[in-house]
Amino acid sequence: MASTETEAQSATGSGGATGAGESAATAAAGPAGAAPGGPSGDLAGLEAGLDALDAAVADRQPWLRTVATKAFPPLIAVVIVLGLWQLAYHFALKPHYLLPSPVDVGRSLQEKWLEGTLLSFVWTSVSRGALGFLASVAIGTALGLVVAQVKVVRAAIGPILSGLQSLPSVAWVPAAIIWFGLSDATIYAVVLLGAVPSIANGLVSGVDQISPLYLRAGRTLGATGLAGVRHVLLPAALPGYLAGLKQGWAFSWRSLMAAELIVNAPDLGTGLGQLLEQGRELQDMSWVLAAILLILIVGIGIELLIFAPMERHVLRSRGLLMKG
Amino acid sequence: MTTTTLTEQPAAADTGTAAPYAVRIDHVSKAFGRPGAQQHVLDDISIDVAPGEFVCLLGASGCGKSTLLNLVAGLDAPSAGGIETPGGRPALMFQEHALFPWLTAGRNIELALRLRGLPRAERRTEAERLLELVRLSGAYGKRVHELSGGMRQRVAMARALAQDSRLLLMDEPFAALDAITRDVLHDELTRIWRETGLSVLFVTHNVREAVRLAERVVLLSSRPGRIAHEWRVDIPQPRRIEDAAVADLSVEITEQLRGEIRRHGQH
């Protein structure tokens with residue numbers, strides 16, 4: 001039962017593109033009209049061809065090459081720095097007690113290692129840092145979520161929260177000492193004040209960057225209220241949130257060192273910051289440099305071992321990571 | 001010779017179901033902005049979509065067709081009039097696939113199943129079944145970015161079907177695809193519509209697409225959007241977009257659409 005017999009028919013036949021504005025369809029026009037809808041096998045074959053042509057090809061580099069391209073450049077940079085340091089020592093730019101050689105610093109580390117105390121110093125600091133960081137994550141996440149979702153709260157404390165990020169957390173140390181004395185509480189207070197704003201801000205900017213499309217799609221699927229937060233909002237905000245966590249860890253670690261340097265009491269246990277302070281009191285430059293090195297290594301190590309793989313995994317699984 | 005234009009509502013196909021329509025849009029108007037300086041986007045729109053019917057809403061840019069779809073989806077509320085969807089919350093497909101990139105294709109579908117309340121044990125099987133329905137059986141574990149544009153829209157269709165709504169709203173879902181892929185997806189949509197017996201309300205600005213797919217084409221005028229004309233499309237399915245009958249009706253509708261657009265240049 002054909003549907004139309006308008007006077008325009010003959011004039012426009014298969015050249016009907018004048019009106020229809022459908023460019024590609026006319027090219028395929030032909031006798032097919034007589035037998036509409038070819039066998040569905042044809043369609044499946046066409047689809048398979050389209051899918052094969054259009055789908056992204058995922059190839060991963062062999063791990064050996066990855067190691068070669070990723071690990072070598074920083075290694076060479078470290079060797080160059082050590083070389084320059086050794087040269088400076090060799091030509092005695094400063095007296096040796098002010099500028100010890102890399103070997104002296106290594107020996108100082110070895111000494112502590114042989115005493116069996118080195119790992120416990122590192123562990124004291126790392127466990128404090130981790131505990132403080134985890135507490136910051138709990139508080140910062142809740143705070144960030146409230147700031148991101150509740151307009152009044154955002155207007156009230158949003159600017160303060162981002163402003164707090166530029167306040168060096170060492171500035172909190174005197175206040176914390178007055179409140180809590182020379183205690184663990186002081187150290188944790190400083191760590192929290194340093195890390196919570198970063199984490200909360202990371203989450204807020206993560207939420208702000210969510211494409212409105214995902215929120216609409218979530219609502220049409222019935223993800224509202226808590227289900228919406230859990231299934232759409234949080235996963236969609238994850239890249240920004242992870243960036244916030246990474247920065248939060250850096251701030252935790254920094255704040256912890258600042259606190260440990262100043263909050264020095266015999267019953268508190270010796271962390272890396274206290275080790276550094278002891279080196280200064282003894283005027284032992286290689287001890288001081290060894291402590292600085294350890295602080296740096298722990299900071300970089302945690303970033304490389306925990307945060308970098310996490311971030312890579314998230315970005316890669318969303319197709320946001322370009323190889324290059 | 002049969003007539004193709006028809007302005008009265010179609011007789012509700014009485015299949016014995018409780019409601020004679022899948023959606024009733026009843027004298028709906030929508031205006032944005034504050035009182036006094038309001039912009040009227042939709043003006044007194046009434047459309048019934050019968051159970052199992054495929055209706056295309058056609059109009060130029062800015063005619064408010066997407067706004068109307070948002071109202072039906074419950075994402076926004078009309079300024080006047082009412083919308084009834086007896087089958088509950090309708091499923092909605094967008095021009096962008098809107099799949100969640102943090103989930104695999106299969107998990108995207110399972111999330112819709114979970115939010116609909118399907119027990120965990122049945123989700124995997126149901127997701128596989130839906131993927132098979134859109135001919136993507138192998139795509140369960142694929143990430144969204146690993147799929148082509150056409151495959152993404154097919155997964156999006158499977159996710160929309162996972163909501164198990166009797167009404168499927170589609171907002172120019174194929175507009176961003178190349179012509180061949182779009183043609184393939186037209187066939188798929190027609191097949192799925194006939195297999196499932198869903199009611200479909202499909203928004204597009206593409207006249208041929210509307211005639212290719214719909215049983216009824218509703219033309220909206222722009223600013224404010226009003227129903228300008230309505231056609232019943234009696235060309236038997238499966239149709240091809242290059243069929244002479246499709247082309248002829250497209251020409252007729254395009255003429256009307258041009259007329260509507262021209263009117264706006266005259267003020």
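1. A good place to start is strand β7 of chain B, residues 199–204, which is mostly covered, with 6 of its 6 residues buried. Here a residue is buried if 20 or more other C-beta atoms lie within 10 Å of its own, exposed if 12 or fewer, and partly exposed in between, with C-beta atoms placed from the backbone. Strands (E, at least two residues) and helices (H or I, at least four) are DSSP runs numbered from the N terminus.

2. A word on the model and the numbering: this is a predicted model, in which local features need pLDDT of at least 70 and side-chain atom pairs count only at pLDDT 80 or more, while totals for chains, interfaces and linings use all residues. Residues are numbered from 1 along each chain as its sequence is written, and chains are lettered from A and ligands numbered from 1 in the order in which they are written.

3. Back to the strand. In a regular strand the side chains alternate between the two faces of the sheet. Both faces of β7(B) are covered: B:V200, B:F202 and B:T204 are buried on one side, and B:S199, B:L201 and B:V203 are buried on the other.

4. Now its neighbours, where two strands pair if DSSP finds at least two bridges between them. Strand β3 of chain B (residues 54–58) pairs with β7(B) in the parallel sense over 5 bridges, and B:L58 stands opposite B:T204. Strand β6 of chain B (residues 167–171) is also a parallel partner of β7(B), over 5 bridges, with B:L167 opposite B:S199.

5. Helix α5 of chain B (residues 179–196) joins β6(B) and β7(B) in a right-handed β-α-β unit; right-handed means that, with the strands pointing away from the viewer, the path from the first strand over the helix to the second runs clockwise.

6. The domain assignment, automatic or from a database, divides chain B into domain 1 (23–90 + 166–265) and domain 2 (99–164). Taken over C-alpha atoms, their centres are 26 Å apart. Across the boundary, 10 residues of domain 1 of chain B are in contact with 7 residues of domain 2 of chain B, contact meaning C-beta atoms, placed from the backbone, within 7 Å. On the domain 1 side, α5(B) gives the most, with 5 residues. That side divides into 8 nonpolar residues (Ala, Val, Leu, Ile, Met, Phe, Trp, Tyr, Cys and Pro), 1 charged (Asp, Glu, Lys and Arg) and 1 polar (the others, Gly among them).

7. Chain A, finally, has 14 helices and 0 strands. Of its 324 residues, 31% count as buried.

Technical notes: Two residues are in contact if their C-beta atoms, placed from the backbone, lie within 7 Å.
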